[in-house]
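Work through these exercises with the structure open beside you. Try each task before you read its solution.

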Amino acid sequence: MHAALLEGIVRIQAGTSRGTGFVVRVQRAAVGQEAASAVDVLEILTAFHVVADIEASRDNQTLEWHGDGSATVQFRNGQEVSVTLDATTMHSVDEDWALLRFEGTAPGAIAPLALARLEPRAWRRPWSTFGYGDAQPDKGEAHSGHIELEEDKSIQLFDRQAAAGAGGLLSGFSGAPCIFEGHVIGIVIEALQRTERGESIHGSVYALPIERVVVACGLPLVAAPVPFEGEVDAALANVQGASLLSLAKALDVPVRQPEQALRLWVARALLVADPKSVCDALVSCGCIDNMPKDKPLAVAEMALARAIHEEGAQALRRCFEHGKPKGVVTVASEALTAKLMVARALGKYALMKKHLTFVESRARSHEAWSVRIRDALLGLLGFAPGDIEDDAALDEGIAEWGGVVVAFPFDGHTSPLEEIERYQKARALAMIPAEGGATFARDGYELTRVFDDADVEKTIKKASSHAARYLAPARRLE
């Protein structure tokens, strides 16, 4: 989790109840307003049971607040404010959330956390949080893991720290933000715990999807993150100061904002720019010297991947997540197209390198395809041909790897689909010419197009080749 997010996460104490909350909206006092009437407004979201007895409130149909009807909110800088709890406090007993409102002088430059819907991804989606649990009730601690299951009213999470040892102590994390790709996508409200000591069971944590609260409170919901923006932001981590400002100006990004926010907006601008503009900006602004050697071309290819039809990416994503169908057939002809499509479907460029293998063969028999597919799978997993002879052992290795995608050009003679389907966690991406779609439609495979027409694919390939040549000279001194 980025340290800047911690400024908006707070410790909440209501009577003997301790929990976590986070700032979701800030309204500053008007400039020039008299000191006596200057009022900042901060709205802080937390779990209802942090500030009230949820069972008594539900049973008695009244608001049974903890303590004396007020809560103490402590910010990261140590400053505290008091918040009144009364009938005007927006809340939901059924969904277990409360929106606290503070009116007064804000304790420093507090920025609200950005709220967003959880977007689908094909592979495991990481999440993180920070809260004031029993292990660190005063200092707080960071937790992280991955998203297990998303439902309409609940997001099931795996918490790595909670699952460690005999089980972490999670009491106090209620109300903490569930953060994915820099945005709050849920609020932590429940965890499986042993009743006698409060130790976590299996690291299972549950969050309420943030849109449930957004609708009720009229909170701002930002647009979904641009695909790959987190990776491009990370690639630009060492681009700072004058270089970052120069890059922002080249991309017409407003520069009057904090450096962290500016870098994210620059990342988004790079992803929506054409490849030539990406190359021009990175080279002319001297940014490449501050980037890892493989990142400039990766940034250009991530920008290219955004040209992939979302329809095609979704089809492949469904294939990954549900295993039905086992393969997707797409109108395409280039290995680069398979690379970009898989990256878009996975939602992360780096995962594509781990999970995609491309097989091109003139094989005319299932036996020949079987050998090619096996060797490709072994190579992706880091083995040499012949290292694993048993199909079941190889299938187990693929499952432990997290699944693979085998892309290949279909030539109309012998298809390797059957060979790929032998492996439970292997997915097929068949690339066919436009006129070849009828056969697969008849056989029940899901058909999709990656681009509007073949000319777009040629343009993408040309742009990628140009980027590789254009960015290479900047790496010649390494």
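**Exercise 1. Find which residues of H6 and H7 meet, then describe the packing of the two helices.**

Solution. This is a predicted model.
- Step 1: list the contacts. Gly241, Leu244, Leu245, Leu247 and Ala248 are the H6 side. They meet Glu259, Leu262, Arg263 and Val266 of H7.
- Step 2: sort them by class. The contact of H6 with H7 has six nonpolar residues, one polar and two charged.
- Step 3: take the geometry. H6 covers residues 241–250, and its axis comes within 10 Å of the H7 axis. The two axes cross at roughly 40°.
- Step 4: name the arrangement. Angles of 35 to 65 degrees fall between roughly parallel and roughly perpendicular, so H6 is oblique to H7.
- Step 5: give the hand. H6 and H7 cross in a left-handed sense.

**Exercise 2. Place Arg268 in its helix and decide whether Arg268 is buried or exposed.**

Solution.
- Step 1: locate the residue. Arg268 lies in H7, which spans residues 259–272.
- Step 2: apply the cut-off. Buried means under 20% relative accessible area. Arg268 has 17%, so Arg268 counts as buried.
- Step 3: look for partners. Leaving out residues up to four places away in sequence, Arg268 touches His183, Val226 and Glu229.

**Exercise 3. Describe how H13 packs against H14.**

Solution.
- Step 1: set the limits. H13 runs over residues 366–380 and H14 over residues 391–401.
- Step 2: take distance and angle. Their axes come within 11 Å and cross at roughly 40°. H13 is therefore oblique to H14.
- Step 3: give the hand. The crossing of H13 with H14 is left-handed.
- Step 4: list the contacts. From H13 come Arg374, Leu377, Leu378 and Leu380. From H14 come Asp391, Leu394, Ile398 and Trp401.
- Step 5: sort them. Six residues of this contact are nonpolar, none is polar and two are charged.

**Exercise 4. Explain why Cys287 forms no disulfide with Cys285.**

Solution.
- Step 1: recall the chemistry. A disulfide is a covalent bond between the sulfur atoms of two cysteines.
- Step 2: recall the cut-off. The two sulfur atoms must lie within 2.5 Å.
- Step 3: check the distance. The cysteine sulfur closest to that of Cys287 belongs to Cys285, at 5.1 Å. That is too far, so there is no bond.
- Step 4: widen the search. Across the whole structure, zero disulfides are found.
- Step 5: check burial. Cys287 is buried, at 0% relative accessible area. Cys279 also counts as buried, with 0% relative accessibility.

**Exercise 5. Which of His146 and Gly165 is buried, and which is exposed?**

Solution.
- Step 1: take His146. Its place is in strand S9, residues 141–150. His146 has a relative accessible area of 11%, so His146 is buried.
- Step 2: take Gly165. It sits in the loop between helix H3 (160–163) and strand S11 (177–180). Exposed means over 50%. Gly165 has 76%, so Gly165 is exposed.
- Step 3: trace the spatial partners. His146 and Phe180 are 34 residues apart along the chain, with C-alpha atoms separated by 9.4 Å. Gly165 and Ser200 are 35 residues apart in sequence, and 9.8 Å separates their C-alpha atoms.

**Exercise 6. How many helices and strands does the protein chain have, and what share of its residues is buried?**

Solution.
- Step 1: count the elements. The protein chain has 17 helices and 18 strands.
- Step 2: read the burial. Of its 478 residues, 49% count as buried.
- Step 3: weigh the contacts. Among contacts with a separation of 6 or more, 66% join residues 24 or more positions apart.

Key: Residues numbered from 1 in each chain as written. Predicted model: local features only at pLDDT ≥ 70, side-chain atom pairs only at ≥ 80, totals over all residues. Heavy atoms only, no water. Buried < 20%, exposed > 50% of the residue type's maximum accessible area, 1.4 Å probe, protein only. Axes fitted to C-alpha atoms, helices over the stretch in contact; angles between N-to-C directions. Helix = DSSP H or I, 4+ residues; strand = E, 2+ residues; numbered from the N terminus. Parallel < 35°, antiparallel > 145°, perpendicular 65-115°, else oblique. Left-handed = near helix turned anticlockwise from the far one by under 90°. Contact = heavy atoms within 4.5 Å. Nonpolar A, V, L, I, M, F, W, Y, C, P; charged D, E, K, R; others polar.
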